[in-house]
Amino acid sequence: MSEDRAHVSSFTLDAMALGALSSEEAEQVRAHLSNCARCAADFEEATAARDHFARDVLPRTARRFRRIEEPRRFSLRILPMLLAPSLAAAVVAIFVLPSLYRRQDSAQLPGQDSRPPILGQDLRIKGEPILRAAARRGDRTLVVQDGAVLAPGDEVHFFVQASGFEYLLIASVDADGNATVYFPYGGAQSALLQPTEGEQLPGSIVLDESRGPERVYAFFSHGPLPSAAVLAELRGLAARGPTAIRAQRTLSISADAQSSIWFEKRVGRRDAGGQSRPGE
Amino acid sequence: MSARDLTSLYRSYGPVIYSRCRRLLGDDASAEDATQETFMRVQRHLEKAPDSREALVWIYRIATNYCLNEIRNRRLRATPMKEVPELSGEQTEELLANRDLLARIVDRAPEKLRMPAYLHYVDGLDQSEVARVMGVSRRTVLYRLAEFAKNARKFAQRTSR
């Protein structure tokens with residue numbers, strides 16, 4: 001908040017949109033917005049303008065500033081010998097099923113964004129970039145689709161088809177308001193990767209005891225995205241409640257493409273093997 | 001700051017700068033042009049760019065400067081502005097509290113007063129924020145705002161050409 005003003009300045013609102021405020025400052029601003037019609041209107045107008053730019057202007061104009069350079073690259077390799085047979089089967093299922101769906105004109109891939117292809121991009125691999133997930137529970141492996149019910153202790157692995165985008169950032173938000181960057185883990189911006197079909201990302205996440213929905217977003221881009229802006233958007237989404245997390249498939253982030261999945265975390269009965277089974 | 005950073009600056013800050021230009025200039029097409037021009041200027045002076053922490057402030061300054069000049073150029077070449085009402089001395093405080101009115105007269109002020117006046121009275125930035133965006137001391141901002149306030153009535157009475 002301004003030191004000598006009763007309202008929030010446009011500079012502060014813009015800084016918040018970029019995730020450049022501390023969490024305390026952002027909280028103060030949000031509290032003010034909920035009580036001030038004028039500032040709330042200003043914020044809404046600015047948000048609409050940012051959305052319009054990200055959606056309609058950026059794809060057309062970004063190439064003007066793009067320079068071709070030799071990037072640092074590291075490669076994510078599929079290491080099939082380290083995959084348990086059931087997880088390997090899940091990888092096949094994840095990427096075979098979508099290719100079957102593509103033959104249908106109107107099919108919608110589970111969890112895939114329904115926006116038209118990104119304009120103005122020279123994709124080297126056809127098709128939109130996709131985020132997929134598989135969960136390991138004991139000796140079972142599940143393909144995670146939107147709304148899948150998972151349990152604490154489930155180990156979730158992520159797979160991406162980057163479709164020619166060089167940078168990737170994966171972050172999630174849950175109903176408790178926890179926003180986390182999963183890839184690169186805890187990173188300050190997107191990581192550079194070599195796009196290859198069906199990449200399994202290194203590591204996995206083990207679900208904690210919190211309940212409710214968690215949505216995981218993958219942001220694909222030709223340049224690194226700062227995590228701060230993403231985390232700010234995720235916290236804003238969490239503040240709107242579990243229904244918003246279940247419904248919000250994309251965020252107003254200036255990535256070239258997005259893909260997201262959500263799952264429901266529930267604590268259920270323990271089965272005879274001591275494994276937690278989510279309640280219905 | 002490297003050349004590769006320009007693309008990432010555009011992606012990261014473009015939405016916010018566009019929104020700012022839209023707010024100053026009032027329409028999508030002008031805002032898009034102003035955003036492009038801002039980042040072209042960023043590109044020309046990339047070697048002078050501060051580190052990422054100050055990048056928002058720096059790009060903000062460039063965008064604001066461009067837009068205020070554009071507003072002034074519009075006024076000089078285009079259709080007459082709405083008439084600014086006559087003001088008595090007692091109404092100066094009212095004038096300084098009226099954002100819409102101020103937006104119409106601020107470009108009639110001398111150049112060195114235009115940006116601080118717009119940022120503070122129209123955009124709602126406090127003095128520290130104005131100082132930060134302009135890259136000057138807070139004392140300088142205070143002096144310029146005081147000078148603007150003192151002469152606001154006179155600026156309001158200037159003709160459009």
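Helix H7 of chain B, residues 127–134, is largely enclosed by the rest of the structure, because six of its eight residues are buried. The model in which this helix appears is predicted. The buried positions of H7(B) are B:Gln127, B:Glu129, B:Val130, B:Ala131, B:Val133 and B:Met134. Both ends of the helix carry local features. At the N-terminal end, B:Asp126 acts as a cap. A side-chain oxygen of B:Asp126 lies 3.1 Å from the backbone nitrogen of B:Ser128. After the helix comes B:Gly135, which has a positive phi near 75°.

H7(B) is also met by a residue of the other chain. A:Phe11 belongs to helix H1 of chain A, which covers residues 10–17. Its relative accessibility is 5%, so A:Phe11 counts as buried. Beyond its neighbours within four places in sequence, A:Phe11 is in contact with residues of chain B. Among them are B:Glu129 and B:Val133, two of the buried residues of H7(B). B:Arg132 and B:Leu125 are also in contact with A:Phe11. So are B:Leu56, B:Val57 and B:Tyr60.

The two chains were next compared by their secondary structure. Chain A contains six helices and eleven strands. Chain B contains eight helices and zero strands. Its pattern along the sequence is α-α-α-α-α-α-α-α. Chain A has 280 residues, of which 49% are buried. Chain B has 161 residues, of which 53% are buried.

Contacts and surface were assessed for each chain. In chain A, 74% of the contacts between residues at least 6 apart in sequence join residues at least 24 apart. In chain B, residues 24 or more positions apart account for 64% of the contacts with a separation of 6 or more. The exposed area of chain A is about 13600 Å², with 52% supplied by carbon and sulfur atoms. The exposed area of chain B is about 7600 Å², with 46% supplied by carbon and sulfur atoms.

Nonpolar packing was then examined. In soluble globular proteins, nonpolar side chains tend to be buried together. Here the largest nonpolar core has 69 residues. Those with the most contacts inside this core are B:Tyr13, B:Ile17, B:Phe39, B:Leu56, B:Ile59 and B:Phe148. Helix H3 of chain B, residues 52–77, gives the largest share of the core, with twelve residues. A second core is separate and has 25 residues. A:Leu150, A:Ala162, A:Leu201 and A:Ala218 are included in this second core. B:Leu56, listed for the largest core, is in addition a contact of A:Phe11.

Enclosed empty space was also found. The count is two cavities of 30 Å³ or more. The volume of the largest cavity is about 190 Å³. Its lining consists of 17 residues. Nearest its centre lie A:Ala229, A:Ser252, A:Ile253, A:Ser254 and B:Ser12. Three helices each supply at least two residues of this lining. They are helix H3 (37–61) and helix H5 (227–239) of chain A, together with helix H1 (4–25) of chain B. H1(B) gives the most to the lining, with four residues.

Several local features deserve separate mention. In chain B, B:Asp27 sits in the loop between H1 and helix H2 (28–44). B:Asp27 has a relative accessible area of 27% and is partly exposed. Its side chain reaches the backbone nitrogen of B:Ala29 at 3.2 Å. A polar contact of 2.8 Å also joins the side chains of B:Asp27 and B:Ser30. Beyond its neighbours within four places in sequence, B:Asp27 is in contact with B:Arg22 and B:Arg74.

In chain A, A:Arg137 lies in strand S1, which covers residues 130–137. A:Arg137 is buried, with a relative accessible area of 9%. Its side chain makes a polar contact of 2.7 Å with the side chain of A:Asp154. Chain A also contains a cis peptide bond, from A:Phe183 to A:Pro184. Its omega is near -15°. A:Pro184 is located in the loop between strand S6 (179–183) and strand S7 (191–192) of chain A.

How values were computed:
Residues numbered from 1 in each chain as written. Chains lettered and ligands numbered in written order. Predicted model: local features only at pLDDT ≥ 70, side-chain atom pairs only at ≥ 80, totals over all residues. Heavy atoms only, no water. Buried < 20%, exposed > 50% of the residue type's maximum accessible area, 1.4 Å probe, protein only. Contact = heavy atoms within 4.5 Å. Areas by Shrake-Rupley, 256 points an atom, 1.4 Å probe, with all protein chains shown as cover. Polar contact = N/O pair within 3.5 Å; in protein donor to acceptor, adjacent residues only side chain to side chain. Core = buried A, V, L, I, M, F, W, Y, C linked by side-chain atoms within 4.5 Å. 1 Å grid on protein atoms, 1.4 Å probe; cavity = no way out; pocket = protein on both sides within 12 Å on 5 of 7 lines; lining within 4 Å. Points joined across faces, edges and corners; volume = space filled by probe spheres on them.
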